[in-house]
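Here's a short tour for anyone meeting this structure for the first time. Have the sequence and the 3D view open as you read.

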Amino acid sequence: MIELRADPFDYFGIREFCGKRYWSSAQHGLSVQNGDRIEPFKELGEAFTMEASEAYLVITGWKTVFVFDGAGWRGCEFGY
């Protein structure tokens, strides 16, 4: 077991995608693990759960859904 260094975020999810490990948080959005360091990757606001397939990483927030294909982003926001 190794100790990870990270910003003081509340992390909600961890997923492997395209050979990298991604971490979701409510304070920043998406972070990526590089060795023993978790580093901010994409500011999405709130990011909670994630699901990964071979083609996509899907991240859900409070009223948002983001889809990352390893190179580009798509997303939408739901209002009510």
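## The two faces of E7

Let's start with strand E7, which covers residues 57-60 of this predicted model. One face of E7 is covered, and that's where you'll find Leu57 and Ile59. Flip to the uncovered face and you meet Val58 and Thr60.

## E7 and its partners

So who does E7 pair with? Strand E6, residues 50-52, is joined to E7 by three bridges, and the two run antiparallel. Ile59, from the covered face of E7, is the bridge partner of Met50. Four residues sit between E6 and E7, and the two strands form a hairpin.

Strand E8, residues 64-68, also runs antiparallel to E7, with four bridges joining them. Here Thr60, from the uncovered face, stands opposite Val65 in E8. E7 and E8 make a hairpin too, with three residues between them.

## A histidine in a loop

Now for a look at His28. It's in the loop between strand E3 (20-25) and strand E4 (29-34). Is His28 buried or exposed? Its relative accessibility is 13%, and buried means under 20%, so His28 counts as buried.

What does His28 touch, leaving out residues up to four places away in sequence? There's Phe9, and then a run of neighbours: Pro40, Phe41, Lys42, Glu43, Leu44 and Gly45.

Definitions and conventions
Residues are numbered from 1 along each chain as its sequence is written. This is a predicted model: local features need pLDDT of at least 70, side-chain atom pairs count only at pLDDT 80 or more; totals for chains, interfaces and linings use all residues. Side-chain values use heavy atoms; hydrogens and water are left out. Buried means under 20% relative accessible area, exposed over 50%, partly exposed in between (1.4 Å probe, protein chains only). Two strands pair if DSSP finds at least two bridges between them. Contact means heavy atoms within 4.5 Å.
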